[in-house]
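Subject: Structure handover

Hello,

Here is the structure I promised you. My notes on it follow below.

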Amino acid sequence: MAGGGLSASAPAAGVEFEAKITPIVIISCIMAATGGLMFGYDVGVSGGVTAMPDFLEKFFPVVYRKTQEDLDSNYCKYDNQGLQLFTSSLYLAGLTATFFASYTTRVLGRRLTMLIAGIFFIVGVVLNAGAQDLAMLIIGRILLGCGVGFANQAVPLFLSEIAPTRIRGGLNILFQLNVTIGILFANLVNYGTAKIKGGWGWRLSLGLAGIPALLLTIGALFVVDTPNSLIERGRLEQGKAVLRKIRGTDNIEPEYLELVEASRIAKEVKHPFRNLLKRRNRPQLIIAVALQIFQQFTGINAIMFYAPVLFDTLGFGSDASLYSTVITGAVNVVSTMVSIYSVDKLGRRVLLLEAGIQMFLSQIVMAIILGIKVTDNSNDLHSAYAIAVVIMICTFISAFAWSWGPLGWLIPSETFPLETRSAGQSVTVCVNLLFTFVIAQAFLSMLCHLKYGIFIFFSGWVLIMSFFVLFLLPETKNIPIEEMTERVWKRHWLWKRFMDDYDYEDVLPPINDIEAKKNGHTNGFDPASQL
Ligand code: BGC
């Protein structure tokens, strides 16, 4: 019913509005997704930089001495709170910034929020690359964190709203693809700059983040805002014009009406965060929060941030370790492409469940090899075992990259109704960064205490999250974004129980009801059908 069924290009059962895949949509999405590039670069760059002797000597002399004297156990030599704070300050800043970003995405729009992110990034990069002391370094990292908070808030929403339904998953994953390209780019840069004599290699590593920062800023100047956001801010005509342009057709009335209706409901919400706590928003909220916690408890960032340190711990030596990191970075990028291709065909659940099994097995095998082969002070993991560990890390990363990596961002951005979308996304980003911070801050200490057991710890979590997906995560593939309540939540065996408290003052008869009926279109929130 909802969705009109008017589209000539609609697939089975007429679930989609008419929409061509227009160049403007593709270009806008590519530009917006550069926000992910910046996030990925920041995630990837810190591991390599914190393994550089010149950097350690300048900012963390205590750690530097430890790595030189080689007194500590392999698992413990990088265990230093200050060093971990360098990595994790970015995430703390990001999770705070996202609440401001929620306001700006709603009131100023998705596009301007991306522009603000770009500006934060540029200033942060300048401070980082020019850092004279620890304070400058950390303040730079904090500004980059603010950029991450704003970009990760606005970009996934932008992508999910601008994309035609049938390729929404794929286009949204461009964000994650950029995250992985950013990580790989950072690894390659680190590989090169680690060789620079003269003590400024780390400056170059941190400074080259300026490239993605500029790309995002320029991108944000050129893209159009989403029709959803324009309409939400009362610019109906402009929203309609943009919708016509991005869909490449004049037959946009049904979708336009659905957006107007969604925005009418959204406008009645005076306190978005309080509204988020209402019973009927509980399912989306639980899923968004759980997805973020689970994404981080796969253990991905333990590997991403500290891969060079980890490989060093395994006795690879500092050159080989960066080399291995580049391999894992490439696997990450390529596997994300698999996800872009398959997410709207196979669906979200299949990818998550398959990956659960693959990640679980990889971690168990890794734990066994490390448990048997790496003793505290040995510096040579036999090369066959070392290769086996790298292969397991690769199978783990590939599974993550076509499942929890992209879907952790995609699913929350597409399941909240417009009325709670910005607030919901902000909670999503906040929880993601909070747990990224927890892992970043705790990993080196956990490695020091749990040793190889750390992989068993994460594999237990992978098991739990897979059961969560099996029973509690509904499929959202091919459902128009403003129709999730009707077609997903109200039909799920458990979550439908939360949908019975729709208060009717929020869902007054649609102002455009008559017009909607004329167009053969029924709104997603048709109150009559709920009586
Ligand atoms: C996660 C990051 C992670 C990256 C790895 C993202 O989806 O949010 O924390 O570092 O994937 O590719």
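The largest cavity has 17 lining residues, and those nearest its centre are Phe 39, Gln 176, Val 179, Asn 301 and Phe 400. Please keep in mind that this is a predicted model.

Six helices each give two or more residues to that lining: helix 2 (34-49), helix 8 (168-193), helix 15 (282-297), helix 16 (300-313), helix 20 (404-415) and helix 21 (418-450). Helix 8 has the largest share, with 4 residues. By class, the lining of the largest cavity holds 8 nonpolar and 9 polar residues, and no charged ones. The volume of the largest cavity is about 170 Å³. The search covered the whole structure and found 7 cavities of 30 Å³ or more.

Next, the second largest cavity. About 120 Å³ of space lies in it. Its lining has 16 residues, with Glu 161, Arg 247, Glu 255, Leu 259 and Ile 481 nearest the centre. Helix 7 (134-162), helix 11 (227-232), helix 12 (236-247) and helix 13 (253-267) each supply at least two lining residues. The largest share here is 3 residues, from helix 13. Charged residues do appear in this lining: there are 6 of them, alongside 7 nonpolar and 3 polar.

Back to helix 15, which gives two or more residues to the lining of the largest cavity. Gln 284 lies in this helix. Is Gln 284 buried or exposed? Its relative accessible area is 2%, under the 20% cut-off, so Gln 284 counts as buried. Beyond its neighbours within four places in sequence, Gln 284 is in contact with Thr 415, Phe 416, Pro 417, Trp 489 and Met 499.

Now the core. The largest nonpolar core has 142 residues. Phe 55, Met 114, Phe 121, Trp 202 and Trp 404 have the most contacts inside it. In soluble globular proteins, nonpolar side chains tend to be buried together.

Helix 6 deserves a look as well. Its buried residues include Met 114 and Phe 121, both also named among those with the most contacts in the core. Arg 110, Asn 128 and Thr 113 are buried in helix 6 too. Leaving aside neighbours within four places in sequence, Met 114 is in contact with Ala 32, Ala 154, Val 155, Phe 158, Leu 216, Ala 220 and Val 223.

One check on geometry. Helix 6 runs over residues 110-129, which is 20 residues. At 1.5 Å a residue it should span 28 Å. The end C-alpha atoms are 29 Å apart, so the two values agree.

Best wishes

Conventions:
Residues numbered from 1 in each chain as written. Predicted model: local features only at pLDDT ≥ 70, side-chain atom pairs only at ≥ 80, totals over all residues. Heavy atoms only, no water. Core = buried A, V, L, I, M, F, W, Y, C linked by side-chain atoms within 4.5 Å. Buried < 20%, exposed > 50% of the residue type's maximum accessible area, 1.4 Å probe, protein only. Contact = heavy atoms within 4.5 Å. Expected span 1.5 Å × (residues − 1). 1 Å grid on protein atoms, 1.4 Å probe; cavity = no way out; pocket = protein on both sides within 12 Å on 5 of 7 lines; lining within 4 Å. Points joined across faces, edges and corners; volume = space filled by probe spheres on them. Nonpolar A, V, L, I, M, F, W, Y, C, P; charged D, E, K, R; others polar.
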